[in-house]
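Q: Please choose one part of this protein and take me through it closely. I would also like to know how that part fits into its surroundings.

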Amino acid sequence: MNLIIIHNNPDASAAKAGGLLRMAVSSRPVAGVVFGALSRSSAWINAGEPSASASSGAGRTETVCFVPESWDVQPRAVESVRIVSYAERISIRDDLPANAKLGNWLVISNGRFVTQINNDLLDNVLAGIDANLLAVNAESQLLATSEKVRPTVHGKVAGFRRLYDDSAELAPMPPDWPHHLFIKTDIIERILDNAILSGSFSALLAASRSNGLNCRAVKIAGSALDIETKDGLLGLCRAGVFTASCESQTPIFNGADNKDTTQRKPRFVGNVLFGENVRLDPDVIIAGPSIIGDRAKIERGAVISSSIIGSDVRVPKDSFVRDSIMMGPPHRMQGRADFDSCASRPMCRGIAEFKKPEFTRGVFRNWRRFSYAGGFKRIVDVVFATVVLVLFAPVMPFIALAVKLTSPGPVFYKDQRQGRYGKSFDCLKFRTMRTGSDRIQDKLRVASQVDGPQFKLDNDPRITAVGRFLRNTYIDEIPQFFNVLFGQMSVVGPRPSPESENTLCPSWRDARLSVRPGITGLLQIYRTRKPGQDFQEWIHYDTRYVRDISFGTDLRICALTMKKLVGSFISQF
């Protein structure tokens, strides 16, 4: 069962943004759009509850939406939702359906928000968190490809953190009702007398804590539209969710006075949803996505674009309504907003995701599955890495012994690097430096011989004698072929770099992170090491490789790399 509660806001009037939701659910077909979107949002969340599908039986999951009794809401605003009116309070004991199947959690969704949350993360949170009551809020800043400012304790900017996967984090308990509230069903009996779901959230929280319940809050990657605001309702309209919510009616054309009626009939562009008995005068233009309520009248020459017109509203002659909401009475227009400025705001940022069943990494470059870059390159990598590891298997024990005998510490060095789509992995190498060398790198950075976020020092005092030979001959990189077998790297690709370097390069990192990093690449064979040009060459060759990736390019890079390796090995003797 999907349970939604629209909380009454006594301070919200029709003229204020907070009263838009009340007017919206009282106006057909806008009400159908709102309830349909809330139903899908709630069903999405309940689908993430581990036992929800099993407990709901073979039939369709029922959605119950509680609406304040003072709101004029038609019970059959949308067929998929059962609307229940409440006077002052909703009690778990009295108002929940007797046959409700709840699973492990009672999930209560806030009817003010239409959300979409990464349910894989939600499953993990529900399975691992120690809580009897869990407040869950969707947070757009935790979505993949987002950036977060990292301040110091004094409020200064320390840097930026780039997220390449959707994430979740613990959060302070919110002061008001969260997007979704999870209550363990096995403890509901302990708070039945106090669990007033329509009152203040702080009162419910206090009642829960007084009964010794563990209350927690989390933020999970997702999007949320606040449909008590103009931007939220318009965002819902722009998302196009009404195409599956309500059946559009045919408007009534009032006709023209002269014989040339074909050129004067109303014109519609895009998706437009009409209520019942909508009357249109000649020369009307309506551009979707738009919603026109029951008995609305659009007078001659009016132009409507990406707007919501409520029931019984009259749009005056020759008026231009864009990105607006007209509800009545009183028939007051709720402001105007430019589409681009609204879409850039946090509440409207996730509009595009509502059309998709899952989150996608649209910022990265993609290839067809049966192309070289999309599939065959991985086969070549596995074959090549296997051959190299088999050939070097007899000498690897001797290399490991030399590293171990000449300096204390492990044989292999593991460094966190970012691979395809920014996923972190341990990049393997034979250890060439003394242990603890990474802790003094910042002190040596003033002497770095390359620009940008990279670091290089020819006579680096941290390198051991054996390590210098391994580096000059590139033998230290042989263990990286294990990374290739594990699918973390490729034989040819951009240079593997840590998050600290990628974070400083936002304009081109998504291109180079579209493919697996490589053991060799264009940068390794063409770089000049000229002063002040190393960083520019790094950007140029990495992005050039992603743009021109092909089997011929990889073959040429491997051939030039082998030539360079042979020359470097001979020069050591």
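A: A disulfide here is a pair of cysteine sulfur atoms within 2.5 Å. By that rule, a search of the whole structure turns up zero disulfides. Two cysteines are worth a glance all the same: Cys427 has a relative accessible area of 2% and Cys558 one of 18%, so each counts as buried (under 20% relative accessible area; exposed is over 50%, partly exposed in between, with a 1.4 Å probe and protein chains only).

You are looking at a predicted model, in which local features need pLDDT of at least 70, side-chain atom pairs count only at pLDDT 80 or more, and totals for chains, interfaces and linings use all residues. Residues are numbered from 1 along each chain as its sequence is written, and side-chain values use heavy atoms, with hydrogens and water left out.

First, the setting. The protein has 18 helices and 28 strands, taken as DSSP runs numbered from the N terminus (helices are H or I, at least four residues; strands are E, at least two). Of its 573 residues, 49% are buried. Contacts (heavy atoms within 4.5 Å) often link distant parts of the sequence: of those with a separation of 6 or more, 64% join residues 24 or more positions apart. The protein exposes about 27,900 Å², and 53% of that is supplied by carbon and sulfur atoms; the areas come from the Shrake-Rupley method with a 1.4 Å probe, and for residues only the protein chains shown count as cover.

Now to the part I have chosen, the hairpin of β25 and β26. Strand β25 covers residues 412-418 and strand β26 covers residues 424-430; the two run antiparallel and are joined by seven bridges. (Strands pair if DSSP finds at least two bridges between them.) Five residues separate the strands. In the turn, Tyr421 has a positive phi of about 60°, although it is not a glycine. That stands out because most residues other than glycine have a negative phi. Tyr421 is also buried, at a relative accessible area of 15%.

Arg417 deserves a slow look. This residue sits in strand β25, and its bridge partner in β26 is Phe425. Despite being an arginine, Arg417 counts as buried, because its relative accessibility is 14%. Its side chain makes a polar contact with the side chain of Asp415 at 2.8 Å. (A polar contact is a pair of N or O atoms within 3.5 Å; within protein, one must be able to donate a hydrogen and the other to accept it, and residues adjacent in sequence count only if both atoms are side-chain atoms.) A polar atom of the Arg417 side chain also lies 2.8 Å from the backbone oxygen of Pro496. Leaving aside neighbours within four places in sequence, Arg417 is in contact with Lys423, Ser424, Phe425 and Cys427, and also with Pro496, Ser497 and Pro498.

At Phe430, the hairpin joins the interior. The largest nonpolar core has 33 residues, and Phe430 and Phe481 have the most contacts inside it. Such a core is a set of buried Ala, Val, Leu, Ile, Met, Phe, Trp, Tyr and Cys residues joined through side-chain atoms within 4.5 Å. Elements giving two or more residues to this core include β26, α9 (372-392), α13 (480-485) and α18 (551-570), while α17 gives the largest share, five residues. Beyond four places in sequence, Phe430 touches, among others, Met396, Ile399, Val411, Phe412, Leu470 and Ile478. A separate core of 32 residues has Met23, Leu38, Val73 and Leu273 among its members.

Helix α9 shows another side of these surroundings. Its buried residues are Tyr372, Lys377, Asp381, Ala385, Val388 and Leu389, and they pack against α13, β27, α17 and α18. At the start of α9, a side-chain oxygen of Ser371 comes within 3.1 Å of the backbone nitrogen of Gly374.

One last neighbour brings us back to the hairpin region. Ser514, in the loop between α15 (509-512) and β28 (518-520), is buried because its relative accessibility is 1%. Not counting residues up to four places away in sequence, Ser514 touches Arg420 as well as Phe364, Arg365 and Trp367.
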